Amino acid sequence: IVVCAASELIPAPLLRQLNPGGRMVVPTGLPEAQTLLLVEKDEAGRLKTREILPVRFAPLEIEGE
């Protein structure tokens, strides 16, 4: 999954969509301090995150918020 807009935290619906063995690249953080994260879900469903680099993306708009 590649996410092209930032939110303060990784949205739970995206974590649920990530299949075991899958990867997601997602920008997170406050507008002035965002980081690109690599999120990996192992075959047991455990999540691991790694910071890649500082970034600046437009905010993610989530319906209902």
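Strand S2 is mostly covered, with eight of its nine residues buried. Buried here means under 20% relative accessible area, exposed means over 50%, and partly exposed lies in between (1.4 Å probe, protein chains only). Strands (E, at least two residues) are DSSP runs, numbered from the N terminus. The model is predicted: local features need pLDDT of at least 70, side-chain atom pairs count only at pLDDT 80 or more, and totals for chains, interfaces and linings use all residues. Residues are numbered from 1 along each chain as its sequence is written, and side-chain values use heavy atoms, with hydrogens and water left out.

The strands form an open sheet of three, in the order S1-S2-S3, with antiparallel pairing. S1 and S3 stand at the edges, each with a single partner strand, so one side of each has no neighbour in the sheet. Neighbouring strands are turned by 30° against each other on average, direction ignored. For such angles, axes are lines fitted to C-alpha atoms, and values run from 0 to 180 degrees between N-to-C directions. Two strands count as paired if DSSP finds at least two bridges between them. In general, strands of a sheet pair through backbone hydrogen bonds, either parallel or antiparallel.

S1 and S2 pair in the antiparallel sense over eight bridges. A hairpin of two residues joins S1 to S2. Leu-30 has Ala-33 in S2 as its bridge partner. Further along, Val-25 stands opposite Leu-38 in S2. Met-24 is matched with Val-39 of S2 as bridge partner.

The other side of S2 is taken up by S3. Eight bridges join S2 to S3 (residues 47-55), and the two run antiparallel. One of the bridge pairs is Leu-37 with Glu-51 in S3. S2 and S3 also form a hairpin, here with five residues between them. Gly-45 in this turn has a positive phi of about 90°.

The largest nonpolar core has seven residues: Val-3, Leu-14, Leu-18, Met-24, Val-26, Leu-37 and Val-39. A nonpolar core is a set of buried Ala, Val, Leu, Ile, Met, Phe, Trp, Tyr and Cys residues joined through side-chain atoms within 4.5 Å. S1 and S2 each supply at least two residues of this core. Val-39 has an extended list of contacts (heavy atoms within 4.5 Å). Residues up to four places away in sequence are not counted, and the partners include Ile-10, Leu-15, Leu-18, Met-24 and Val-26. Leu-47, Lys-48 and Thr-49 are also among them.

Charged side chains were examined next. Side chains of opposite charge can pair when their charged atoms come close. A salt bridge is taken as a side-chain nitrogen of Lys or Arg within 4 Å of a carboxyl oxygen of Asp or Glu. By this rule the count is three. Glu-40 and Arg-23 form one of them, at 3.1 Å from N to O. Glu-40 lies in S2 (residues 33-41) and Arg-23 in S1 (residues 23-30), so this pair ties together parts that are 17 residues apart in sequence. Arg-23 is exposed, with a relative accessible area of 55%. Glu-40 also meets Lys-48, at 3.8 Å from N to O. Lys-48 is exposed as well, at 53% relative accessible area. Arg-23, Glu-40 and Lys-48 are thus linked in a network of salt bridges.

Asp-42 and Arg-46 form another salt bridge, at 2.9 Å from N to O. Asp-42 is partly exposed, with a relative accessible area of 26%. Arg-46 is exposed, at 56%.

Gly-29 is placed in strand S1. This glycine is buried, with a relative accessible area of 17%. Neighbours within four places in sequence aside, Gly-29 is in contact with Ser-7, Glu-8 and Gln-34. Gly-29 and Asp-42 are 13 residues apart in sequence, and their C-alpha atoms are 24 Å apart in space.

Methods: Helices (H or I, at least four residues) and strands (E, at least two) are DSSP runs, numbered from the N terminus.
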